Amino acid sequence: FKGGDTCEYLLSSGRFLGEKVWQPHSCMMHKYKNSEAKNCLIDKHVVFIGDSRIRQLFYSFIRLINPQIKEEGNKHGNIPFEDKSASIKVDFLWYPEVNGSMRQRIKSWTEGSVAKPHIIVAGAATWSIKIHNGSNEALTQYKINITSIAPLLEKLAKNSDVYWVLQDPVYEDMLSESRKMITNEKIDAYNEAAVRILNSSSRNSKAKVKVFSVSKLIAQETIMKSADGLHLPESSRDTNAMILMNVYCNKIMKPIDGSCCQPQPPLTLIQKLAFCFFTLSIIGYLIINLIHRNNFRKNKSCTDLEGGEEKKPAISTPNVSTLEMLLHSVCKLGLIMTYFYLCDRANLFMKENKFYTHSSFFIPIVYILVLGVFYTENTKETKVLNREQTDEWKGWMQLVILIYHISGASTFLPVYMHIRVLVAAYLFQTGYGHFSYFWIKGDFGVYRVCQVLFRLNFLVVVLCIVMDRPYQFYYFVPLVTVWFMIIYATLAVWPQIVQKKANGNCLWHFGLLLKLICLLTCIYFLSYSQGAFEKIFSFWPLSKCFELNGNVYEWWFRWKLDRYVVFHGMLFAFIYLALQKHQMISEGKGDALFSNRVSNVLLFISVVSFLTYSIWASSCKNKTECNELHPSVSVVQILAFILIRNIPGYVRSVYSSFFAWFGKISLELFICQYHIWLAADTKGILVLIPGYPMFNVLVSTFIFVCVAHEISQITNDLAQIVVPKDNSTLLKRLLCIAGFFSGLLLFSAMQDQSRH
């Protein structure tokens, strides 16, 4: 809530998550790869000047550029490094004491004839303590010398990034006899002197020398693992180097998961227009509401003074108009979107990196499963995959996925593979549900299509506008949208084959199977022809929807990962409905789905299949190889679960209302988590209450779930208004929506042009 510069927090405070993961206070630190480090430091000159501790930091820093570099050569001398491919120069200058020699070198950079380094990292003190045996005179001289150097550093700081590294504590028990005079008390005295002089000098200057004090905190936790009690272990030095890289590079590279030192992005033209629209909607709603209140007061009943009874008004209060309902929904949405923006675009709330532990994932899983069992109720109907059961299925899967995301469990491959099955199960339900509707109802009207598309895409379109993110960023919604259109096209194209027609002639069943085989062939072809797939989705304006980072590779990867499961859902629905029509299954309350013998055999096979898949997923060693097999084998565990859940009559007759409640808002939960539960576009965790992780999760979760529920209500209300049943009115609305998206594409093109 202090706001301010997250760079100061990055340089001065933080804590360890586990043993090796450093978490800066209030912001997220990006882990730079070699290619990213090179891109950031291209044509840059970096200088490390100081003692052996600075030399170690120098080596850790250049290993971020070239990991093959080893510490070798003259330890008490200058060490140059150059990467010619990126024109990067990094030099270490051996100046173990803050004295006249160091001052002269720094002064030479302030003179016009010498090229100034872009980054200067300086620091020294332990040699002064050692050489002068920890005398007070040495400390006094250190203060004099640093006072003379401070103005020069500030002069350099006007055009360069200058960091003064404070001295890390030592592990006194491990120090050799020649270093026993280097005590933490002395180090603290030298650090206090440096901070006081540099800060007092900075008050009179706009340029500021940044004090790198975070290494002290890191050293306090790790110095015990030092080899000699003086120098930090390698992991701690690497952390310090990564912090330096974040301080300098985040504002240049703008990584999504590196919120430290990143300025707040400026509002785009589309965001400004959205803000104006929501503001005008709120004003309009308030005006209409005031008019209605005044009318209501005029028609309010008067109290009968004699009888003390209330008389009925002569005129009843008017129903809420469509306009008022529309404005009311848009007002609520505007306030919610403001909260989204403040959470994940403004630098108002803190963000932290995720850190995975087995307990952070599995304990909440057990907790919600126990809760779900406590809320068991009887279903209204006992059919296979009835509405309550599918809502329950969506609900518990969504809760598991949410826990998976907030705990950072994607780093643990067995959990990742099981979560991939849950995502596939959602798509399986898409294939099953939409096929069943079209097959039974035979309703291929525009109204049905528009209703589904609106409910799926409304929230994502609004977020694309408000949060300035591409449509493909919310990958799951494009996925289910495209698959819905594929299902619709498969069944709606001539000849339209539905259950009513097929009942009259069994040959129509073969016609439908032929359609499904054609669909499978197309899926197979596109999955092994990346070029053809990318050509289809690279045409404008489709490319605007499916591009991410300038190409459609991410979209192809997401589509390919679960390419068969929707087809499996459609095929399962066809087989199930055929069995149901021919009364080959028993769906009465308490009845097993098949005869006892068949039911027992299928249950045994299902349990074995379910466990076999889990064992295979848990033994995965390589994510790429497992992802290749996943599209073909994920259906095994999905079908096994369906059979286990539906074959026993009692199990099919009950459901968890707790999970079903979450299932009804599962889509909103999945999308909203991106910005108001997680942070930095799902890469981190939103921190509303710093310092209390558990309390923070409880509060942010409560708000997150309430917001998702409210957005679900808003979407349902607006769907009735925007997508009316009357065809002529619907056509007019579709023309308005087409105009809206045309304007959006135009403004988006203007934005892209201004950015370039």
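User: Before we get to A125, what counts as a helix or a strand here?

Analyst: Helices, H or I with at least four residues, and strands, E with at least two, are DSSP runs numbered from the N terminus. In this predicted model, A125 is found in the loop between strand β6 (119–123) and helix α5 (126–131).

User: Is A125 buried or exposed in that loop?

Analyst: A125 has a relative accessible area of 1%, and because buried means under 20%, this residue counts as buried.

User: What does A125 touch, leaving out residues up to four places away in sequence?

Analyst: With those set aside, A125 touches D51, P96, Y142, Q167 and Y190. As for I187, its C-alpha lies 7.6 Å from that of A125, although 62 residues separate the two in sequence.

User: Zooming out, how many helices and strands does the protein chain have, and what share of its residues is buried?

Analyst: The protein chain has 29 helices and 13 strands, and 51% of its 756 residues count as buried. Of the contacts between residues at least 6 apart in sequence, 77% join residues at least 24 apart. The C-alpha trace spans about 100 × 80 × 55 Å along its principal axes.

User: And the surface and the charges: what do they come to?

Analyst: The accessible surface of the protein chain is about 37300 Å², with 61% of that belonging to carbon and sulfur atoms. There are 76 positive and 56 negative charges, and their mean positions are 5 Å apart.

User: Switching to α26, why is that helix described as largely enclosed?

Analyst: Helix α26 covers residues 657–664, and 6 of its 8 residues are buried, so the rest of the structure largely encloses it. The buried ones are S657, F658, F659, A660, F662 and G663.

User: What covers them?

Analyst: The cover over the buried residues of α26 includes the helices α12 (358–374), α13 (387–407), α27 (666–676) and α28 (693–722), together with the strands β10 (376–378) and β11 (654–656).

User: Now the second largest pocket: how much space lies in it, and which residues lie nearest its centre?

Analyst: The second largest pocket holds about 1800 Å³ of space. Its lining is made of 45 residues, and R387, D391, K394, H434 and R448 are the ones nearest the centre.

User: Which elements supply two or more residues to that lining, and which gives the most?

Analyst: Those giving two or more residues are α13, α14 (413–441), α15 (446–466), α16 (476–492), α22 (565–581), α26, α27 and α28. Helix α14 gives the most, with 10 residues.

Conventions. Residues are numbered from 1 along each chain as its sequence is written. This is a predicted model: local features need pLDDT of at least 70, side-chain atom pairs count only at pLDDT 80 or more; totals for chains, interfaces and linings use all residues. Side-chain values use heavy atoms; hydrogens and water are left out. Buried means under 20% relative accessible area, exposed over 50%, partly exposed in between (1.4 Å probe, protein chains only). Contact means heavy atoms within 4.5 Å. Accessible areas come from the Shrake-Rupley method with a 1.4 Å probe; for residues, only the protein chains shown count as cover. Lys and Arg count as positive and Asp and Glu as negative; His and the chain ends are not counted. The place of a charge is taken as NZ of Lys, CZ of Arg, CG of Asp or CD of Glu. On a 1 Å grid over the protein atoms alone, a cavity is a set of points where a 1.4 Å probe fits but cannot get out, and a pocket is an open set with protein on both sides within 12 Å along at least five of seven lines; lining residues have an atom within 4 Å of a point. Grid points are joined across faces, edges and corners, and a volume is the space filled by probe spheres set on the points.
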